[in-house]
Number of protein chains: 2
Amino acid sequence: MSTQQGFERRYQAPEREPIIEVDERLFLKSAARSFYVLEAFARSPRPLSLAEVAKGAKISKSAAQRVVQTLLVLGYLERSPTGTGVVPGRRILDRSFDYLRSNPLIERATPILTELRKTCGERVDLSLFDDVTILYAIRLQSKRETFYATLSGRRMPTFATAGGRAMLACLDDRHADDILRRSKLAPLTPKTIVDPALIRQRIEEARRDGYAYVQEEALMGEIVVAAAVVKERNMPAGAIHIAGSLADWSVEDFRKRFAPLAIEAARALSG
Amino acid sequence: MSTQQGFERRYQAPEREPIIEVDERLFLKSAARSFYVLEAFARSPRPLSLAEVAKGAKISKSAAQRVVQTLLVLGYLERSPTGTGVVPGRRILDRSFDYLRSNPLIERATPILTELRKTCGERVDLSLFDDVTILYAIRLQSKRETFYATLSGRRMPTFATAGGRAMLACLDDRHADDILRRSKLAPLTPKTIVDPALIRQRIEEARRDGYAYVQEEALMGEIVVAAAVVKERNMPAGAIHIAGSLADWSVEDFRKRFAPLAIEAARALSG
DNA sequence: ACGGTTGTATCGATCATCAATACTCATGCA
DNA sequence: TGCATGAGTATTGATGATCGATACAACCGT
């Protein structure tokens, strides 16, 4: 089950902590089922019929029926406006609001990011470390950017993003290597670096310089510098990204100009 | 139970549709419990102990224990970094990403909003209609703005926001009145209009002008114009807001300048 | 050492949930 | 018109996952 793999990941020790022992008997299968249903939309972001829900969540049609009814009542699913099928519900946004509001890092980061964006005039993001992926939590756009590429909640592979590399640079080699080994090193663009040795070299540079950068590794035409926000024991919590366009900047100018700002902002949030 | 009231609301016919009959027997109580736990953080956005979770979700401590364990495994809760208690988990953001991505309105709105923000230089928001509240889905900040006031997922009362009034103006009087009647007409600032007759007058104006505006009714110093995005049968789906500061603009200048832009953007998204 | 928290673990009874199946209602095709 | 398909809905009794009480452990400040 792919979903199972999904949270076996979570047992891994992303912070070198003891593996979480979860007593099977304390795990509520029926509760989990609801989330499997919601997660089905991650794979197919469109209205799903009952049968598709059942298939996507790997549950019986009967179970899907009841879960869907329940989630409709609660507002976490809505009937598709097209008449057939269901889609994720607005109520989900309330929960993400709670998440953002509960997270002290994000609360502290918001004014700093806004200031930073004002100073830079470029896109500014806060990403959170989450093992082999990073998760964008706050995104302040600048110019025209495409689609949902800039939605918060988006995940990107740690190895191929500036923020991810900046965070890997905070970890010891063993842990960073562990993440690289478990990462699917698939290129996102023709310029994505997928050779572990080269990635390690970039991480080493980031460790030396205090920031990381990528050129067109996640999106063509884009350059990003990023600095890690660390908590105690130098564990990475997140990263500040500043992203610009190669149409506007040379790589060297961009790095020279924005890297210090990213580092400063990240430092203000660290500790 | 306040939570119960929460979704009895959803039985109401926000779109004049037949009341949803929900067979009690199809409602999964144990599934709902998990969401009650997550919803507890809406009331107290801070780490909650097991006992607090139990109290907040109105379930027994044992049930809370099992739900919490389950949600920890799934990533929808995380142990608080402070050591004690749990907080909402990063995985929630994945679901909000799915929501945003599944919603065609939001997908279509993103480039238009970005363009609009570039043109205006002021804050631009997309809100969604949800009965007595509106829900901010996309927020493109401009200047320095405070705190989480500008997070997406935030809800505001329909009656006191420009977008809310623009959407009420799309409804027939009976329905709009129904919403006003069920709204808690509590002032958000000293300048919030809470007199239903006055609100109706403003709605009437909005109907005439094709947009609504509020001055300092939600936040002192702020002026907002908004136009409704409608779907078929003129039902409001959401609204485009443009928000500026009274420090920068006179009310009249702001309206004259930005109302047409909001209307145009809303029209482009409607239908 | 204490009373107060935390979070964790165990247990058998019971009632909510299970899967299977049959139903109604649209829609599409011939 | 009629049949086939896939949509969502409804009903059932058996079963076993989940219930709540309670006990335990680990920590805190006094």
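Here are some questions and answers about how two protein chains meet each other and a DNA strand in a predicted model.

Local features here need pLDDT of at least 70, and side-chain atom pairs count only at pLDDT 80 or more, whereas totals for chains, interfaces and linings use all residues. Residues are numbered from 1 along each chain as its sequence is written, chains are lettered from A and ligands numbered from 1 in the order written, and side-chain values use heavy atoms, without hydrogens or water.

Q: How many residues surround DNA strand C?
A: A residue counts as near the strand if one of its heavy atoms lies within 4 Å of it. Both chains take part, with A:R33, A:S60, A:R66, B:S30 and B:Q65 the closest. The number surrounding DNA strand C is 18.

Q: What share of the atoms of DNA strand C within 4 Å of the protein belongs to sugar or phosphate?
A: Let's start with single atoms: a phosphate oxygen is 2.7 Å from a side-chain N or O atom of A:S60, and a phosphate oxygen is also 2.7 Å from one of B:S30. For B:T84, a side-chain N or O atom is 3.2 Å from a sugar or linking oxygen. Bases make up the rest, and the sugar or phosphate share is 52%.

Q: How much area is buried between chain B and chain A?
A: Buried area is the accessible area (1.4 Å probe) that two parts lose on being put together, summed over both. Here 71 residues of chain B are in contact (heavy atoms within 4.5 Å) with 71 residues of chain A. Carbon and sulfur atoms give 64% of the buried area, which is about 7100 Å².

Q: How many salt bridges are there between chain B and chain A?
A: A salt bridge needs a side-chain nitrogen of Lys or Arg within 4 Å of a carboxyl oxygen of Asp or Glu. One example is A:D130 with B:R90, whose closest N and O atoms are 3.7 Å apart. The count between chain B and chain A is six.

Q: Which kind of axis relates chain B to chain A?
A: With copies superposed by least squares on the C-alpha atoms of residues with pLDDT of at least 70 in both, chain B can be laid on chain A with an RMSD of 0.0 Å. The operation is a turn of 180° and a shift of 0.0 Å along the axis. That relation is the one given by a two-fold axis.

Q: Which residue of chain B has the C-alpha nearest the axis?
A: The same surface serves both copies, since 100% of the contact residues of chain B recur in chain A. In chain B, the C-alpha nearest the axis is 2.4 Å from it and belongs to B:A31.

Notes. Polar contact = N/O pair within 3.5 Å; in protein donor to acceptor, adjacent residues only side chain to side chain.
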